[in-house]
Amino acid sequence: MTRQKTILVTGGAGFLGSFLCESLVADGHSVICLDNFHTGAREKIAHLMDEENFELVWHDVTVPVHADVDEIYNLACPASPVHYQSDPVKTVKTNVMGALNALELARHTQAKVFQASTSEIYGDPAVHPQDETYWGNVNSIGPRSCYDEGKRCAETLFYDYHRQYGLEIRVARIFNTYGPRMNADDGRVVSNFVLQALKNEPVTLYGNGMQTRSFCYVDDLIRGIRALMDHEPGVLHPVNLGNPVEFTMRGLADLVLELTGSRSELVFRPLPQDDPRQRRPDITRATEALGWQPEVPLRRGLEKVIDYFDGVLSRRPARVEVPAALTARPPLAVRRRANGGAAVGPLAL
Ligand code: NAD
Ligand code: UDP
């Protein structure tokens with residue numbers, strides 16, 4: 001049986017973070033979900049609030065934090081270009097200071113620490129598909145740079161803390177991931193297309209729609225993240241996590257229209273600056289080291305997202321599958337932890 005750990009998840013009330021918290025709580029770990037609700041929401045983790053082993057803390061990762069933890073998953077950062085570009089200075093701070101604070105906490109507590117890095121590390125890639133040895137093609141002064149360079153600097157910090165202080169680190173480079181609980185105003189392509197199609201509104205293709213992405217369903221991604229974190233003695237190098245099946249945005253739009261039976265027309269809008277032309281992960285390292293590969297094909301994943309947003313639009317409660325381990329336990333009427341949240345407070349150095 002696995003040892004029950006105390007685990008901090010920054011950005012735990014976001015899209016990916018909520019599924020990660022859910023998975024850790026279902027395994028019986030004591031989870032501290034830390035978030036400033038910039039792009040996250042209480043609704044995403046509402047079903048966990050009655051769990052004794054789940055704690056929600058409002059906190060901004062740019063401010064140091066102390067908690068007695070065994071593991072840290074650092075996910076805090078808006079992932080949608082629309083959101084991370086709306087306050088680019090804050091995005092850099094969140095990435096760099098957030099990583100520093102996560103690493104300092106790991107140094108003080110001897111915790112293992114995971115970084116949610118990104119395929120944006122590779123920029124507009126000159127190598128295709130992208131494997132982890134590729135150093136990337138990133139514009140350091142463009143509108144995406146706050147995110148790309150922020151994430152690159154965070155990787156640098158992770159490896160410097162490992163070399164300088166011997167920290168146990170894990171770094172995943174996450175490729176486009178989609179699923180239920182994405183924000184309706186997220187601006188990312190899957191949520192945009194599905195919502196536009198469901199409302200019979202024009203589906204907005206940026207550029208000529210021939211740029212490519214590879215879409216990973218959230219359940220596959222969370223399984224990969226956990227496999228990487230739990231791997232012993234660990235994979236020191238960064239690991240690509242994503243689905244290697246590549247689609248054009250035009251192909252994605254056509255599939256969404258087919259699955260929704262929508263009457264939407266396609267409209268073309270200008271391609272945003274520095275928008276990567278192609279993206280597909282080489283997942284050889286993840287497959288060989290972790291035995292991981294995605295299982296959910298895009299068609300099946302999209303059906304779940306369509307169902308989810310259909311529920312959101314008709315104001316039905318969202319139909320998100322909750323792990324049996326969570327539903328089996330009777331919910332408490334009032335959620336109370338013995339420590340009343342006292343495990344978390346300002347870092348006293
Ligand atoms: P998201 O925007 O849904 O979640 C990010 C969460 O971080 C939100 O809950 C937000 O409120 C929180 N947050 C943002 N700034 C914060 C701050 N300063 N302090 C505390 N909390 C803060 O995005 P997501 O898709 O769930 O992405 C999660 C992580 O995974 C991000 O680090 C992102 O860069 C990375 N990632 C995601 C994808 C993807 O396709 N979803 C791809 C590559 C990398
Ligand atoms: N895109 C699009 N229409 C939209 C939103 C996005 O054609 O309504 C394109 C965008 O230009 C990019 C791709 O879809 O080429 C993926 O965009 P997203 O914002 O989801 O993520 P990115 O991979 O760019 O971070």
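Helices (H or I, at least four residues) and strands (E, at least two) are DSSP runs, numbered from the N terminus. This is a predicted model, where local features need pLDDT of at least 70 and side-chain atom pairs count only at pLDDT 80 or more, while totals for chains, interfaces and linings use all residues. Residues are numbered from 1 along each chain, and side-chain values use heavy atoms, without hydrogens and water.

Q: Where is the place of Arg181?
A: Let's start with the elements on either side. One is β7 (177–178) and the other is α5. Arg181 sits in the loop between β7 and α5.

Q: Is Arg181 buried or exposed?
A: Buried means under 20% relative accessible area, exposed over 50%, and partly exposed in between (1.4 Å probe, protein chains only). Arg181 has a relative accessible area of 5%, so Arg181 is buried.

Q: Which side chain makes a polar contact with the side chain of Arg181?
A: A polar contact is a pair of N or O atoms within 3.5 Å; within protein, one must be able to donate a hydrogen and the other to accept it, and residues adjacent in sequence count only if both atoms are side-chain atoms. At 2.7 Å, the partner of the Arg181 side chain is the side chain of Glu22.

Q: Which residue has a backbone N or O atom 2.6 Å from a nitrogen atom of ligand 2?
A: Two side chains also reach oxygen atoms of ligand 2: Asn192 at 2.8 Å and Arg213 at 2.7 Å. The backbone atom 2.6 Å from a ligand 2 nitrogen belongs to Thr204.

Conventions
Chains lettered and ligands numbered in written order.
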